[in-house]
Amino acid sequence: MDGSLQEDFEEYAEKAKTLPPTTTDASKLILYGLYKQATVGPVNTSRPGMFSPRERAKWDAWKAVEAKSKDEAMSDYITKVKQLQEEAAASA
């Protein structure tokens, strides 16, 4: 595996923590799913019940990207963080 992708991914995972509060939940969920796929791999837990809508949404976001390889998930994650940073800068 290419070390630079892993390094970029870790760098953007840090940058994701500084995204503005205006970042939508939908975007955060996409990042969450890609992050879990990149670090853990395909979803490995059962779907949370209806009384945990937040956990369930996170699980669904992860499940949605289960076909991606770890490298694909990392690269999509980086692209998404860049896009969100640009949107934040444009609206600032």
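# Exercises on helix packing and side-chain pairs

Tyr35 has a relative accessible area of 35%, which makes this residue partly exposed. The model is predicted. The exercises begin with the rings around Tyr35 and end with charged pairs.

**Exercise 1. Classify the ring pair of Tyr35 and Tyr77, and say which helices the pair links.**

Step 1. Take the geometry. The ring centres of Tyr35 and Tyr77 are 5.9 Å apart, and the planes meet at 55°.

Step 2. Apply the cut-offs. Planes under 30 degrees apart count as stacked, over 60 as edge-to-face, and the rest as tilted. At 55°, the pair of Tyr35 and Tyr77 is therefore tilted.

Step 3. Place the residues. Tyr35 lies in helix 2 and Tyr77 in helix 4. They are 42 residues apart, so this pair links distant parts of the chain.

Step 4. Check Tyr77 for burial. Its relative accessible area is 4%, so Tyr77 is buried.

**Exercise 2. How many aromatic pairs does the structure hold, and what class does the pair of Phe9 and Tyr35 belong to?**

Step 1. Count. There are three aromatic pairs in the structure.

Step 2. Classify. Phe9 and Tyr35 sit 5.5 Å apart, centre to centre, with 25° between the planes. That pair is stacked.

Step 3. Locate. Phe9 belongs to helix 1 and Tyr35 to helix 2, so the pair ties together parts 26 residues apart in sequence.

Step 4. Test exposure. Phe9 is buried, because its relative accessibility is 2%.

Step 5. Assemble. Phe9, Tyr35 and Tyr77 make up one aromatic cluster.

**Exercise 3. Describe the largest nonpolar core and where its residues come from.**

Step 1. Size it. The largest nonpolar core has 16 residues. Phe9, Ala16, Leu31, Tyr77 and Val81 have the most contacts inside it.

Step 2. Assign elements. Helix 1, helix 2 (25–39) and helix 4 each give two or more residues to this core. Helix 4 supplies the largest share, six residues.

Step 3. Follow one member. Neighbours within four places in sequence aside, Tyr77 touches Phe9, Tyr12, Ala13, Ala16, Leu31, Leu34 and Tyr35.

Step 4. Recall the background. In soluble globular proteins, nonpolar side chains tend to be buried together.

**Exercise 4. Work out whether the length of helix 4 agrees with its expected span, and where its buried residues fall around the axis.**

Step 1. Check the length. Helix 4 (residues 70–91) has 22 residues and should span 32 Å at 1.5 Å a residue. Its end C-alpha atoms are 32 Å apart, so the values agree.

Step 2. List the buried residues. They are Ala73, Met74, Tyr77, Ile78, Lys80, Val81, Leu84 and Ala88.

Step 3. Look down the axis. The buried residues of helix 4 fall within an arc of 165°, so they line one face.

Step 4. Turn to the other side. Glu86, Ala89 and Ala90 are exposed on the face turned away from the buried side.

**Exercise 5. How many salt bridges does the structure hold, and how far apart in sequence are Glu11 and Lys15?**

Step 1. Count. The structure holds five salt bridges.

Step 2. Recall the rule. Side chains of opposite charge can pair when their charged atoms come close.

Step 3. Take Glu11 and Lys15. Their side chains form a salt bridge at 3.0 Å, N to O. Both residues lie in helix 1 (residues 3–16), four residues apart, about one turn of the helix.

Step 4. Explain the spacing. An α-helix has 3.6 residues a turn, so residues three or four places apart point the same way.

Step 5. Add exposure. Glu11 is partly exposed at 38%, and Lys15 is partly exposed at 26%.

**Exercise 6. Compare the exposure of the partners in the salt bridges Lys17–Glu14 and Lys68–Asp76.**

Step 1. Confirm the bridges. Lys17 and Glu14 meet at 2.9 Å, N to O. For Lys68 and Asp76, the closest N and O atoms are 2.7 Å apart.

Step 2. Fix the limits. Buried is under 20% relative accessible area, exposed is over 50%, and partly exposed lies in between.

Step 3. Apply them to Lys17 and Glu14. Lys17 has 63%, so Lys17 is exposed. Glu14 has 47%, so Glu14 is partly exposed.

Step 4. Apply them to Lys68 and Asp76. Lys68 has 27% and is partly exposed. Asp76 has 28% and is partly exposed.

Definitions and conventions: Residues are numbered from 1 along each chain as its sequence is written. This is a predicted model: local features need pLDDT of at least 70, side-chain atom pairs count only at pLDDT 80 or more; totals for chains, interfaces and linings use all residues. Side-chain values use heavy atoms; hydrogens and water are left out. A salt bridge is a side-chain nitrogen of Lys or Arg within 4 Å of a carboxyl oxygen of Asp or Glu. Buried means under 20% relative accessible area, exposed over 50%, partly exposed in between (1.4 Å probe, protein chains only). The expected span of a helix is 1.5 Å times one less than its number of residues. The arc is that of the directions from the helix axis to the C-beta atoms. A nonpolar core is a set of buried Ala, Val, Leu, Ile, Met, Phe, Trp, Tyr and Cys residues joined through side-chain atoms within 4.5 Å. Contact means heavy atoms within 4.5 Å. Rings of Phe, Tyr and Trp (its six-membered ring) pair if their centres lie within 6.5 Å; planes under 30 degrees apart count as stacked, over 60 as edge-to-face and the rest as tilted.
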